[in-house]
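This report sets out the strand pairing, the sheets and the chain contact of the structure shown below.

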Amino acid sequence: MSESLSSEAPQASLWKDAFRTMRRRPDVILAALILLFVATMAVFPTLFTDKDPTRCIGRDARQRPDTWFRGEHPLGTDGFGCDFAATIVHGTRPTIALAVTVIVFSILIGLTLGILSGYYGGWVDAIISRALDVFIVIPLMMGAILLLSLFRGRGSSGGLLETVGPPALALTLFGWMEFCRYTRAVSIETKNLDYVTAARCLGAKDRRIMFRHVLPNAVVPVTAVVPTTLGSIIVAESALAVLGVGVQPPATSWGVLLAKGTEWAGGGYIYLFGLPLVLLILTVFAFATIGDALRDALDPKLR
Amino acid sequence: MAQTLRVVGDTLPGADMNAPLLEVEDLQVEFAVRGSRIPAVRGATFAVEQGQTLAIVGESGSGKSVTSQAVMGILDSPPGHITGGEVRLHGVDLLQQDAETRRTVRANHIGMVFQDALSALNPLWSVGFQIGELFRMHRGTSRKDAKLKAIELLDLVGIPDAKNRVGQYPHQFSGGMRQRVMIAMALALDPEVLIADEPTTALDVTVQAQIMRLLRQIQEDRDMGLILITHDLGVVADVADEVAVMYAGRIMEQAGIHQIFERPANPYTKALLKAIPRVDTLGQELEVISGLPPNPGALPGGCSFHPRCWAAEDKCSIEDPPYETVATGHRSRCHFAEEVYRDER
């Protein structure tokens, strides 16, 4: 999405300006630090823990982290005796990979279909809109469970693609509709603007109009939806994990931890549920802040 | 400025360089609204030659903008439909061409300037980028050269300090400067015909005069055909060579600028001229044309102007007046054109 924005020469300064504006906001700096932290966890989990998250010892189960950040298990252990810090840290990569994959592909599908249907209208719009209706009517959970049951029983060797692929596919397939709807609305609105007519008068092709005039207008509503979608993807993934069709063990993710944590949350082990939740909230907050600031910074009228 | 060399044959197959630059003949446009078809343009005929300025004057709803949209090929369809007539560029009927040919015609032969330059420029891109993009997409110019061309054009249309303003955004320009940017964009690909649809309506009076002067000067320098669409006869006087007066989708009168102002041959034109405020009638009440323009869905029978006409007789409500020549290059649509022309009515 930002590809088309950044591909042109004068925009180099646009992005530079945007960066300069954003650098001055403390909330943006905080959000950037959170994202940096999460990203580092995802890429280099061993920096944060030297424990193996799959090495679980039953008699060590449910050790409260009474001595925070010290001792054998800095964040205690979970219900199966696995080191909780290691589980969280190693669960970051699948979580982020899943969320980013789903978001990127949802946006790609949603933007493409939304722009095509909004811009061309007529039968193109009719087909895409009806497909949209069908996908909106199918409940996410039901669709995802049905689809994922096809992948069940297939042994996982633990590779990232194999771990994340099936749930990402399911969540993308039933998650692109919101982006499509927003983009379609923006396209319909934009294609009748004077500057689009002016561009047509200057001999612009349809493709040029879509990329240059319609797409940039879709950036604002789409960036507004991304952070909340990100949160709901992780929550949906957690629900899939409860049902046993999400990220498959031995791999773990924040969603899996949330799901497992609920079992113990009432029994005085609130941290098993609370820590992944706090991480999730912080990540969504960081994305929302940066998305918001980016939108402001990119709007030439607010500069 | 040096005379520009235009290559027409490449982009417009079948072009006959001896044929008139742009001819519109018996153009008919209808709008399909709630099952019925409303006529917006009912047989417009006019021509623009190289180096000539034609002004199309008319009230709101007289069909002047629809005519220009039909010529450009940007009519919203549906609801608009061209139901008859021809639009010929160098003898090639554009209405018979496919969408791709029409697009290249828009890119290379006919340019357009809009009324509201702010909304006709994309607020997200700098003006230099928007102008330069035209060179990049149609001429394959490199990014650096495109920027230089943009600066050159901004300079041409009289934007001071073009070098620094090329990177600014449309909202950073004043109304008049914005219209200059719009003109620069329309000129970028060196069109043979420029259509200016009420280019000064959104501007204040002093700026209006500057923009009109600029258009006139560019038209002369580049030897373009200029179609100026306006509702302001005063604007027309300094600039146009030829004037076509439209009313209810028809051309009521067409003549050279001097003939129109000095010897109008149509009661409508005469009434319009009387309604222009003048210094020697200062303090007096302005003449008005009573009534309203007709609803195009329910046009009066006979001559469409007869309910508001001071010269109307019984005949006018029954019979459609023919479009007749009253003098060389002077045509009028009125049963009494001759008498009005001789000032006997």
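## Strands 10, 11 and 12 of chain B

Strand 10 of chain B, residues 250-256, pairs with strand 12 of chain B, residues 330-333, in the antiparallel sense, and two bridges connect them. Across this pairing, B:Glu253 lies opposite B:Ser332 of strand 12. These descriptions refer to a predicted model.

Strand 12 of chain B is also joined to strand 11 of chain B, through four bridges and again with antiparallel direction. Here B:Tyr323 is found opposite B:Arg333 of strand 12. Strands 11 and 12 of chain B form a hairpin with two residues between the strands, in which B:Gly329 adopts a positive phi near 70 degrees.

## The eight-stranded sheet

The strands just described belong to an open sheet of eight strands in chain B, arranged in the order 6-7-8-3-9-10-12-11 with mixed pairing. Strand 6 (110-113) and strand 11 (323-327) of chain B occupy the edges; each has a single partner strand, so one side of each is left without a neighbour in the sheet. On average, neighbouring strands of this sheet are turned by 20 degrees against each other, with direction ignored.

The mixed character of the pairing can be followed in individual strand pairs. Whereas strands 11 and 12 of chain B run antiparallel, strand 7 (residues 193-197) and strand 8 (residues 225-230) of chain B run parallel and are joined by five bridges. Within that pair, B:Ile195 has B:Ile227 of strand 8 as its bridge partner. Helix 1 of chain B, residues 64-72, packs on the sheet and touches strand 3 (53-58), strand 6, strand 7, strand 8 and strand 9 (242-247) of chain B. The direction of helix 1 makes about 145 degrees with that of strand 7 of chain B.

## The four-stranded sheet

Chain B holds a further open sheet, in which four strands follow the order 2-1-4-5 with antiparallel pairing. Its edge strands are strand 2 (36-48) and strand 5 (92-93) of chain B, each of which pairs on one side only.

At one of these edges, strand 5 of chain B pairs with strand 4 of chain B, residues 80-89, over two bridges in the antiparallel sense. B:Arg88 has B:Asp93 of strand 5 as its bridge partner.

## Overall form of chain B

Chain B contains 13 helices and twelve strands. Its C-alpha trace spans about 70 × 50 × 40 Å along the principal axes. The radius of gyration of chain B is 21 Å, which agrees with the value near 20 Å for a compact globule of 345 residues.

Of the 345 residues of chain B, 44% count as buried. Among the contacts in chain B with a separation of 6 or more, 64% come from residues 24 or more positions apart.

## Contact between chains A and B

Which chain gives 18 residues to the contact, and which gives 26? Chain A contributes 18 residues and chain B contributes 26 residues. On the side of chain A that touches chain B, the elements giving two or more residues are helix 2 (9-23), helix 9 (194-201) and helix 10 (206-242) of chain A.

Helix 9 of chain A gives the most to this side, with six residues. By residue class, the side of chain A that touches chain B consists of nine nonpolar, three polar and six charged residues.

Notes. Residues are numbered from 1 along each chain as its sequence is written. Chains are lettered from A and ligands numbered from 1 in the order in which they are written. This is a predicted model: local features need pLDDT of at least 70, side-chain atom pairs count only at pLDDT 80 or more; totals for chains, interfaces and linings use all residues. Two strands pair if DSSP finds at least two bridges between them. Axes are lines fitted to C-alpha atoms, for helices over the stretch in contact, and angles run from 0 to 180 degrees between N-to-C directions. Two residues are in contact if their C-beta atoms, placed from the backbone, lie within 7 Å. Ala, Val, Leu, Ile, Met, Phe, Trp, Tyr, Cys and Pro count as nonpolar, Asp, Glu, Lys and Arg as charged, and the others, Gly among them, as polar. The radius of gyration is taken over C-alpha atoms; the globule rule is 2.2 Å times the number of residues to the power 0.38. A residue is buried if 20 or more other C-beta atoms lie within 10 Å of its own, exposed if 12 or fewer, and partly exposed in between; C-beta atoms are placed from the backbone.
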